[in-house]
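Biologist: I am new to this structure, and I would like a close look at how one pair of neighbouring helices is put together. Please take me through that part slowly, and then through whatever else helps to place it.

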Amino acid sequence: MATSIIDIASSGQSIHYQNSTPSIEFADLMYNPSIGPELVKKYLEAINQHDGTLKSLITINTAALETAIEKATETHTFNQTNNPFPPLHSVPVILKDNYSTANLPTSAGVKALQNLHTKDSEVVSHLRAAGAIILAKANLHEFALQGITLSSLGGQTLNPYDNTRTPGGSSGGTGAALAANFGIAGCGTDTMNSLRSPASACGVVGFRPSTGNVSCVGIVPVSQTQDAAGPMGRSVRDVKIMYGVMKGDEGKVDVSEARSRSRQVRIGVLEAYFQPERCADGTVESEYIVENQIVQDVIWSSLRSIQEQDADITLVSIAPSSHPDWSFGTLFEKADTQAFEFKHYLDEFLQSSLVLSTPHQSLESIAQSGEFDLQAMTHVFSAGLEDPETFSLTSEAYRSRLEYIAALKESVKECFDRYDIDALVYPHQTQLPVKIGAMKQNGRNGVLAALTGRPAICIPAGRSPKTASAVLGVPVGLELMARRWGDDELLDIAERVEGILKGRVGPILR
């Protein structure tokens, strides 16, 4: 198994640099106890040089270098006593700015919450205990409600591969920062697509664990039914290590549906998720048709490579006629719970003991302040305020959605069982990330995993053709979704596929 950058950072080995950003020269690796400060300095230099354009970060941890120096001292102690290093020793990590942090403000991208101060979220506590350095907090789409990463506090984040396009979202700041090599690994959240969308758009890896495997306590909530916290990185291996730390002792795994295999893997190709998203009148815009063909070409080429290079992976066609309608439009209309849960759980969070001081204790107070970007908001923000009877946890409409989700879970399980598959595969997005100025990212396929609570991972598959604004092309992500609680099995499959595709190429920053 290849050594990951996290392995190297936490081992005390040296890292050599090209173009002012960290890169690994394996032949020259040697012990170096100052790796933490060296890494932090280089990342801060890269951030200072390029993030004025990208706008991927909201807050830089001014104590990061001091912490890195302390970690370097610990490195000497660990080596002198022959004690093992913590799994993230001296690893600079970037957090989406909806993770509560005791030493840094937590804003969820909202100007009204820029002075919110909290205790550490449970995940952040796990990261600190594992030796991580919290380097910065990343921009996100305001309140994590949409997929273009626009916020009143952080502005519009740009895609590192094409500055005319968005980085996906809502975890787009984390995705863009990792693509631009501003940190080793990061944390995002995913309510519909929010980890995997920026992974696809920015050529990194984004993993949504089985719902409940990583604690969301201390993370600014959207929907308790659909929220998940997960790792992002530039390799599956790094994401695996981050996931192990993030879940700590919180994962209570029911293995009733998970199963193990040796080397034989069966992956279902979900053909319904390859087509472009249709407009309300059933038509498809011409631009979407062109971009969808680009995405399909990349994904089908990737699947051919997988089949040709690994005889122990079998691809199984899953025709649209073999399962119910799992389209985004249908699932969003009948099952999405965000508008019903957002107000309740946000108010609960703002009034919780995790919050030490806040300028607002309710969504209504934030709305009245006007300190938010109205363009960035969606129906989820206003629904509970405008129609609290319908959009509540006690309404018949909400109960109906929970029943639909239960039926959806059964239909997906039936599909896995009928075809005897370990995972489904499809493009995360059926079109490229939208241009700056668009208010919505269409064509995303993450909703199925979000509603069924299944683990899903997006890895780089390739890139679109080069253009004047995208000199390397724009990344296209391949998504794999596994059985409920089959997180570790899915990560193994993804690492195997990643080794075949080798789809990531770092961006050229301007």
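Modeller: What follows starts with one helix pair, then turns to single residues and to a second pair. Please keep in mind throughout that this is a predicted model.

The pair I would begin with is helix α2, which covers residues 35-54, and helix α3, which covers residues 64-81. Their axes come within 7 Å and cross at roughly 160°. Because angles over 145 degrees count as roughly antiparallel, α2 is roughly antiparallel to α3. The crossing in which α2 passes α3 is right-handed. On the α2 side the contact is made by G36, P37, V40 and K41, while α3 contributes A64, L65, A68, I69 and A72. Sorted by character, the residues of this contact of α2 with α3 comprise seven that are nonpolar, one that is polar and one that is charged.

Helix α2 also holds Y43. With a relative accessibility of 0%, Y43 counts as buried, because that term is used for anything under 20% relative accessible area. Y43 can be placed against A68, since the two are 25 residues apart in sequence and 12 Å apart in space, taken from C-alpha to C-alpha. A68 is itself one of the α3 residues that make the contact with α2.

For another arrangement of helices, look at α10, residues 338-350, and α12, residues 379-386, whose axes come within 8 Å and cross at roughly 70°. Angles of 65 to 115 degrees count as roughly perpendicular, and α10 and α12 are therefore roughly perpendicular to each other. Here Q338, A339, F342 and K343 of α10 meet H379, V380, F381, A383, G384 and L385 of α12. The residues of the contact of α10 with α12 divide into six nonpolar, three polar and one charged.

Away from these helix pairs, a residue worth finding is S100, which sits in the loop between β4 (92-96) and β5 (117-118). S100 is buried, its relative accessible area being 0%. From that loop, the side chain of S100 reaches the backbone oxygen of G218 at 2.5 Å. If neighbours within four places in sequence are left aside, the residues in contact with S100 are T106, T118, K119, D120, S121, V124, K137, G218 and F349. One of these, F349, falls within the residues 338-350 of helix α10, so that following the contacts of S100 leads back to the second helix pair.

Key: Residues are numbered from 1 along each chain as its sequence is written. This is a predicted model: local features need pLDDT of at least 70, side-chain atom pairs count only at pLDDT 80 or more; totals for chains, interfaces and linings use all residues. Side-chain values use heavy atoms; hydrogens and water are left out. Axes are lines fitted to C-alpha atoms, for helices over the stretch in contact, and angles run from 0 to 180 degrees between N-to-C directions. Helices (H or I, at least four residues) and strands (E, at least two) are DSSP runs, numbered from the N terminus. Angles under 35 degrees count as roughly parallel, over 145 as roughly antiparallel, 65 to 115 as roughly perpendicular and the rest as oblique. A crossing is left-handed if the near helix is turned anticlockwise from the far one by less than a right angle, and right-handed if clockwise. Contact means heavy atoms within 4.5 Å. Ala, Val, Leu, Ile, Met, Phe, Trp, Tyr, Cys and Pro count as nonpolar, Asp, Glu, Lys and Arg as charged, and the others, Gly among them, as polar. Buried means under 20% relative accessible area, exposed over 50%, partly exposed in between (1.4 Å probe, protein chains only). A polar contact is a pair of N or O atoms within 3.5 Å; within protein, one must be able to donate a hydrogen and the other to accept it, and residues adjacent in sequence count only if both atoms are side-chain atoms.
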